[in-house]
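Colleague: Could you walk me through this one while I have it open?
Modeller: Gladly; here it is.
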Amino acid sequence: MLTIASGSLPDPPQPPFDRWLSPDGRTLAEFFRLPAAPPAQAPVYLVRFPGQADFRIALAAPSSSDAQSAPQSDEVIAFPAAAGAAVESLYHNAIVPMLGNHRGGLFLHGSAVASDHGALAFMGHSRGGKTTLAGAFARAGHPFLTEDVLAIERHDLAYRVLPQRPVLRLFADSAAELLGPAGAGPTGDDRKREFAPGQRLPHASGPARLRAIFLLGPGEARQVRHDLLHPAEALGAMMGHGFILDVNDRPRLRAHFERIAALAQGVECHALDYPRDYAHLPQVIAGVLGAVAP
Amino acid sequence: MGHGINISDRLLACPQVVAREVAGETVLLDLAGGGYFGLDEVGSRIWQWLATPGGCTPGEMAERLMRDYGIGRDRAEHDVVALARSLVEHGLAQAAETMPPTP
């Protein structure tokens, strides 16, 4: 459960034990441990998204714990750094999947669409084109399941993707490409804007069997290219797209690794790269669908 | 022989490394540093030998590769030392003499 508070948290006394960095080296998030109020035994974390919000996360007490002051369920308190901060988006797209993985789930950074062949997932780094690609598929008649968080679960000896928030967050240029004049926003606003699904960009509201995963390249290919990946390659690539709350929690990190390894062996994985030019999107869609057709 | 690695050095897989066999290859996860590394079939076998109790020397591993793959000594030793050096440089393996004594 998320509580939004006013005010700010003091800077933690210790430096962050982990950071998320964008491909161009910007700090996206910092992770700190906070002292837990005794006699609580469960850890307390601070996740800071610079300039946007701090999230104080008090984990639920272990079931075997006698601590009565630790919460019975994970408690998240957000401290927005500025008015209009995208607190809800950060909560759903970062904090929730982190906690999900911490509790043994399988959440990865990516988008997914529901095709006639099953769900197709796209993993890549921030600003790599995952959301635009999901939107392009939706426009072509393949509803999007999720635009930023892949929630995957085992089901009947296979994997399936669970639908997430029915929202597409697009930068102005992608919004204009996918929605035309309806996607226009304030001039000079370079932030992502949220768009609800509709007839033009439909959303799939039910889970879909995961047919294939596509790991997006950096956009250096001169034409659309997709190559089947060896599961070991796919494992290494997917490890970079997980949401890990505490990288020093070795048993959990190991368990996460095992889940990703099982996924890499259980689902076909492809490397996909293409010029980041909207004109190539129809070819990308055709190429991806061709790669998974029976 | 390679920098820092002698043919008779006994090497061990570092205990904080998790290995997972995936379709004939091995992916290593360094729980301490968070990095992950891939090993092909031969590399996977070398890792298995390093992960056995007491570890292995490059010389012993080269002998096994010569026997199992029918390759010459020079190539076997070169390949083993090159991989061993890389694993040590990445903190995934180390000389047995540098490991803390078990309680």
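Modeller: What follows is a short talk about chain A as a whole and then one helix of chain B.

Colleague: Before anything else, what kind of model is it, and what secondary structure does chain A have?
Modeller: This is a predicted model, and in it the secondary structure of chain A comes to six helices and 16 strands. The radius of gyration of chain A is 20 Å, close to the 19 Å from the globule rule for 294 residues, so chain A is as compact as a globular protein of that length.

Colleague: And what does the C-alpha trace of chain A span along its principal axes?
Modeller: About 60 × 50 × 35 Å; as for the interior, buried residues account for 51% of the 294 residues in chain A.

Colleague: How far apart are the mean positions of the positive and negative charges in chain A?
Modeller: They lie 1 Å apart, taken over 26 positive and 28 negative charges, while the accessible surface of chain A is about 13,700 Å², with 52% of it belonging to carbon and sulfur atoms.

Colleague: Switching to chain B, which residues of H3(B) are buried?
Modeller: B:Ala76, B:Glu77, B:Val80, B:Val81, B:Leu83, B:Ala84 and B:Leu87 are the buried ones, and their cover includes helices H1 (41–50) and H2 (58–69) of chain B as well as strands such as E3 (25–30) and E4 (36–39) of that chain.

Colleague: What span should helix H3 of chain B have?
Modeller: At 1.5 Å a residue, its 17 residues (73–89) should span 24 Å, and the end C-alpha atoms are 24 Å apart, which agrees. After H3(B) comes B:Gly91, with a positive phi near 75 degrees.

Definitions and conventions
Residues numbered from 1 in each chain as written. Chains lettered and ligands numbered in written order. Predicted model: local features only at pLDDT ≥ 70, side-chain atom pairs only at ≥ 80, totals over all residues. Heavy atoms only, no water. Helix = DSSP H or I, 4+ residues; strand = E, 2+ residues; numbered from the N terminus. Rg over C-alpha atoms; globule rule 2.2 N^0.38 Å. Buried < 20%, exposed > 50% of the residue type's maximum accessible area, 1.4 Å probe, protein only. Areas by Shrake-Rupley, 256 points an atom, 1.4 Å probe, with all protein chains shown as cover. Lys, Arg positive; Asp, Glu negative; His and termini not counted. Charge placed at Lys NZ, Arg CZ, Asp CG, Glu CD. Expected span 1.5 Å × (residues − 1). Contact = heavy atoms within 4.5 Å.
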